[in-house]
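Colleague: I would like to go through some backbone features and then the chain contact. Please take them one at a time.

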Amino acid sequence: MSAWIVSHLWLIPIVPLLASLLILSLTSSRGRAGALLAITGQVLALTLSLAAFWSTLTTPGFRAVQNFTWLTFGEQTLRLGLLLDPLTAVMLVMITFVSLWIFVFSVGYMAADKNFARFFAYLSFFSAAMLGVVVANSLLLLFICWELVGLASYLLIGFWIHKPSAAAAAKKAFITTRIGDLGFFLGLLWLYGKSGTLLFYDGGNGALESAALLSLGASATAIALLIFCGAVGKSGQFPLHVWLPDAMEGPTPVSALIHAATMVAAGVFLVARVYPLFVVAGGADPGSDGLNAAVYNGTIPPLTVVVWIGVITALISALIGLAQWDIKRILAYSTVSQLGLMMVSLGVGGVAAGIMHLLAHGFFKALLFLGSGSVIHGCHEEQDIRKMGGLRGVMPVTFVTYAIGMMALSGVPLFFAGAWTKEEIVHATSLWPASRWPYFLTLVGVVLTALYMTRQMIYVFFGRRRAAAAHAHESLPIMTLPLVVLALCVVGLSVVLTPVWPWLHSFLSGERALVGGGKLISPVLLVSLALVALGIGLGIIVYGRATEIDPLARTFPRVFRFLENRMWLDELYDWSVLAGARFAARLCDFLDRYLWDGLVRGLGALGFSLGGLTKSCDEHALNAGADDAASAARGFGRFFSQRHSGQVQTYLSAIAVGLLALLLLYAWLT
Amino acid sequence: MAHLIAGLIFLPILGALFVSVMPPPYARAVALGCNLLTAACALMLWHGFDPAVAGLQMVSYHEWIPAIGAKLLVGIDGLSLLLVLLTSLVFPFALLAQRMERGFCALMLLMQAALYGTFTAQNFILWFLFYEMSLVPTFLLIKIWGGKNRDRAATKFFLYTFLGSVAMLLAFLGIYLVRGTFDFTALASLGKAGLLSGDVRWLAFAGIFLGLAVKVPLFPFHTWLPDAYEAAPTGVAMVMTGALSKMGVYGFIRLLLPLFPNEIKILGPWLLGLAVCSIVFSSLAAWAQSDLKRMVAYLSINHLGYCMLGLFAVTATRAVPPNEAQAALGGVFLQIFNHGLTAAALFYFVGLLEQRRGARSLGDFGGLMQRMPLLCGWMSVAMFSSLGLPGLNGFVGEFLIFKGSFALAAGFTAVAVLGLLITAIVFLRALQGLFSGPLAEGCATLPDLRLSEKWVVVPVTLLMFALGLVPQFAFTIFNSTVVQMARLLG
């Protein structure tokens with residue numbers, strides 16, 4: 001079983017890819033067959049992923065690779081490979097499972113769309129690329145799939161192609177993430193040049209194994225930071241986070257799948273995958289295991305960068321999320337904020353905690369987004385929470401599942417998956433020896449998260465039923481079923497993720513699981529619980545009687561406007577970077593037309609005037625001289641020819657004159 | 001097998017004669033038939049080619065004018081074969097792109113013959129003959145069948161490239177007077193020790209450099225290109241970017257780099273700087289264009305800039321590790337082919353849009369995806385290939401070029417990757433303007449891809465995918481040559 005799945009790991013991304021190609025080439029655009037194919041592909045991929053997961057459970061620290069030669073160039077070979085280890089396995093299961101239910105949801109949500117089948121083709125393509133990122137055993141293969149994921153995201157954000165705002169958002173997403181990818185690409189090139197391979201693990205010769213890592217020396221820091229640039233772009237970290245909220249222009253299932261559960265987490269996954277590279281940059285012993293960062297002292301420069309980027313992102317976006325009105329945008333900023341939290345966790349050494357939060361987040365954020373999709377659908381495509389309200393009566397299933405997702409996100413303890421993993425992150429942060437500030441700021445983030453989620457809940461589901469909520473209705477079973485399933489998973493995961501029996505933590509970090517209640521009650525836990533309660537309580541007090549004017553806006557109008565306008569970061573980028581680049585483009589065009597081409601034309605004009613000069617030399621000096629000589633000769637000739645008149649008298653008189661002259665000459669001489 | 005090369009060169013010439021006497025309606029069919037024959041020749045050449053051998057193969061040699069060292073010397077190595085195959089691919093593609101009169105077809109065939117000659121000749125005089133022979137048909141094609149500003153563009157193109165050629169010819173005459181040979185192989189073996197001595201070597205270098213830099217073109221000798229491509233009819237623009245522009249890069253690889261290794265090392269940073277300027281400035285200029293043809297033309301300069309970056313990184317650096325040189329050169333070779341394919345496809349699509357709409361400015365289009373999803377879909381593939389999306393052909397070549405040149409010239413390469421970003425911006429801007437948003441005025445009745453067009457588009461696109469996913473089959477053609485050249489140039 002284990003051997004079979006390792007050698008057939010390639011099937012996991014290929015099956016959805018085939019489904020996508022089949023849909024594109026065979027099915028009609030409106031047909032249901034497309035959805036059926038896509039869902040079948042996803043079920044198959046899920047089955048295979050579960051098999052892979054099962055086989056990794058058998059041995060602690062399981063790792064199997066399957067490498068192959070892709071290209072022989074010169075006298076060297078470029079090998080790619082696939083990898084199965086606990087990190088891959090849990091990601092596979094999460095991605096295929098969440099995708100499956102989002103696909104099911106989409107059948108209902110996209111039912112009226114005229115490009116129904118194409119939507120499923122793109123979704124399947126995305127799933128294939130994302131699974132490729134996860135199973136790659138080569139930084140190059142990971143990068144290839146990474147870019148394809150970006151393409152899928154581009155296609156799906158801009159899926160409603162007639163909407164100019166969707167097209168602009170798609171472009172913005174692709175280009176912003178590509179800025180980060182340039183760094184990633186350079187880091188990849190650098191790593192390739194230094195270690196001679198891009199395989200992660202290759203029986204001791206891989207780039208993430210001791211020998212290669214130690215050969216990196218001082219360049220490890222730079223390489224790690226460059227690769228981190230890619231993660232910053234993809235995972236929407238500050239300062240490249242601006243694309244993610246705009247990406248909500250895409251259909252809601254896309255937001256749930258790509259811009260919440262899976263793709264945006266790829267950056268976190270990437271950092272976890274190349275973690276040994278980050279660790280070795282601090283001069284620590286890389287060890288043999290990527291996730292086992294036991295040797296750790298808090299002074300690793302690239303990890304410090306990761307922590308601070310994560311903290312800034314988490315706080316900024318939580319604050320902005322507090323002042324948004326679009327139901328999806330609030331969730332988008334929440335996603336950015338949670339991704340920041342995961343980065344903090346990785347940075348302070350809590351890799352397993354970060355990945356566990358990634359998994360839990362995948363479930364509850366997908367649930368929340370699908371819930372928001374159900375709300376939007378029920379409210380006839382209205383997304384402004386000011387126009388909703390009181391939906392809890394008309395949309396009971398959506399309400400209950402949404403509440404579960406909200407509690408998981410806010411960190412309400414015991415029965416909700418997100419709570420435990422958030423505790424773990426806070427705990428790991430509190431232990432970071434380099435600085436206490438990330439810990440305090442993370443706690444502020446916890447309060448803010450509870451606060452903005454309470455605000456959203458109250459605006460959408462409680463209070464008076466405002467304009468768009470008047471004719472709201474509960475969604476079809478095909479849309480509520482995935483909500484229920486995901487909500488059950490969120491609750492069920494809280495058992496799996498409980499710190500009493502930290503098997504997943506141990507599984508991810510390759511240690512033996514210890515059962516014990518020791519971690520259940522700790523000062524850190526109590527502090528963060530108190531803060532969650534504070535956040536929700538504050539939310540209820542502040543927003544309990546909220547009207548269409550936000551209480552915050554009434555009390556601090558300037559602050560609220562600052563946050564509502566997303567700290568004017570988009571405008572700042574527009575005026576600085578974008579305007580600069582556009583100016584550079586115009587300048588290049590101008591220089592081309594007038595300077596460089598001007599030089600060429602100047603040279604041409606010079607040649608032309610030289611030609612003119614020689615022409616006039618020719619005409620006036622050389623040519624004219626010859627003409628004068630010729631006409632002189634001609635005049636000479638004419639003069640003499642006139643003398644040949646043929647008249648005898650003239651000749652005779654001339655002879656007489658000549659004779660007379662000769663006689664006179666003779667007389668004078670003698 | 002050697003007669004295959006002669007066949008390649010003479011078949012299009014015969015075809016051109018034949019086209020001239022045929023009734024006009026059959027001209028394009030005859031030209032395509034002739035291309036079928038040359039394609040068969042090229043494939044047989046490929047079949048008979050031994051990829052394990054590094055040097056020249058199928059050499060055919062006759063004395064021609066012994067007094068001036070002119071020989072009828074042709075032969076192919078991996079690079080020549082690659083370019084012959086590319087030419088055999090681009091020409092039928094271009095012939096299918098538009099309606100053509102009799103003279104148009106005949107001139108296209110003449111140009112094709114000149115290209116085959118350029119890519120197989122191994123003696124300078126013969127090479128130069130073909131090199132110049134390609135100019136006249138191109139000039140006439142632009143001048144007679146071109147668009148707006150065709151006279152100006154054609155004259156500029158001709159004079160500019162001809163000036164470069166004259167400089168190159170003079171330089172080679174100088175070299176001949178000192179060294180007494182015009183054979184590429186013989187000259188290349190003299191290069192390491194210094195082909196010429198004293199200051200005259202710089203004169204010779206400058207002459208050849210100018211000729212080739214104009215042809216490629218390399219910044220700042222590129223200004224003829226946007227005008228020429230803009231004015232040229234679709235089919236001509238396709239062969240100009242697909243095959244003709246490769247003559248410059250080929251010339252660099254065959255002539256300049258092996259002949260002046262020491263001089264290039266001295267000028268190294270300057271040359272790398274020019275390549276980086278080509279990459280960054282031309283992609284920025286492409287961003288500022290609204291004429292689609294002009295935009296693709298600038299991106300063509302940008303893509304050839306990657307080739308030049310790889311070549312200069314290998315030759316301009318001291319102490320080149322062989323594996324990095326192989327990576328960069330392999331990438332350059334592949335990029336030559338990829339660019340030929342992709343850029344020709346882009347011009348083809350722009351041509352389709354222009355035929356339908358009667359205009360080709362970005363502002364003339366909008367929302368096309370609603371009317372012609374197939375055309376938009378396939379055109380997007382070409383665009384994504386050009387911006388270097390993994391899985392398509394453009395990525396593999398660029399990745400290898402950057403891999404090699406990053407190890408050899410990290411600073412220059414780090415700036416050059418900006419080109420990847422700007423190219424993406426340019427294409428996404430075009431995609432947004434053309435395909436999305438509300439349907440623009442005048443686009444409501446445009447037809448989608450026709451069956452005949454699908455037969456052209458699909459094979460070309462499949463080739464892009466094949467080269468992107470399993471590039472090994474292309475590498476096999478030129479890998480031995482790469483190894484040999486890495487040793488020679490590195």
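Modeller: Start with a loop in this predicted model. Pro239(A) sits in the loop between α9 (219-234) and α10 (243-246) of chain A. The peptide bond leading from Phe238(A) to Pro239(A) is cis, with omega near 5°.

Colleague: Which residues does a cis peptide bond join in chain B?

Modeller: Phe219(B) and Pro220(B), with omega about -5°. Pro220(B) belongs to the loop between α9 (200-215) and α10 (224-231) of chain B.

Colleague: What is the phi of His380(A)?

Modeller: Phi of His380(A) is positive, about 60°, although the residue is not a glycine. His380(A) is in the loop between α16 (351-378) and α17 (391-394) of chain A.

Colleague: Is His380(A) buried or exposed, and why?

Modeller: A residue counts as exposed if 12 or fewer other C-beta atoms lie within 10 Å of its own. His380(A) has 12 C-beta neighbours inside 10 Å, so it counts as exposed.

Colleague: Where does Ala319(B) lie?

Modeller: In the loop between α13 (292-316) and α14 (322-357) of chain B. Ala319(B) is not a glycine either, and its phi is positive, near 55°. Ala319(B) is exposed because 6 other C-beta atoms lie within 10 Å.

Colleague: How many residues does each chain bring to the contact?

Modeller: Chain A brings 38 residues and chain B 43 residues. On the side of chain A that touches chain B, the elements giving two or more residues are β1 (64-73), α6 (139-157), α7 (164-195) and α26 (569-643). The most come from α7(A), with 15 residues. By class, that side of chain A has 24 nonpolar, six polar and eight charged residues.

Terms used: Residues numbered from 1 in each chain as written. Chains lettered and ligands numbered in written order. Predicted model: local features only at pLDDT ≥ 70, side-chain atom pairs only at ≥ 80, totals over all residues. Contact = placed C-beta atoms within 7 Å. Helix = DSSP H or I, 4+ residues; strand = E, 2+ residues; numbered from the N terminus. Nonpolar A, V, L, I, M, F, W, Y, C, P; charged D, E, K, R; others polar. Buried ≥ 20, exposed ≤ 12 C-beta atoms within 10 Å, placed from the backbone.
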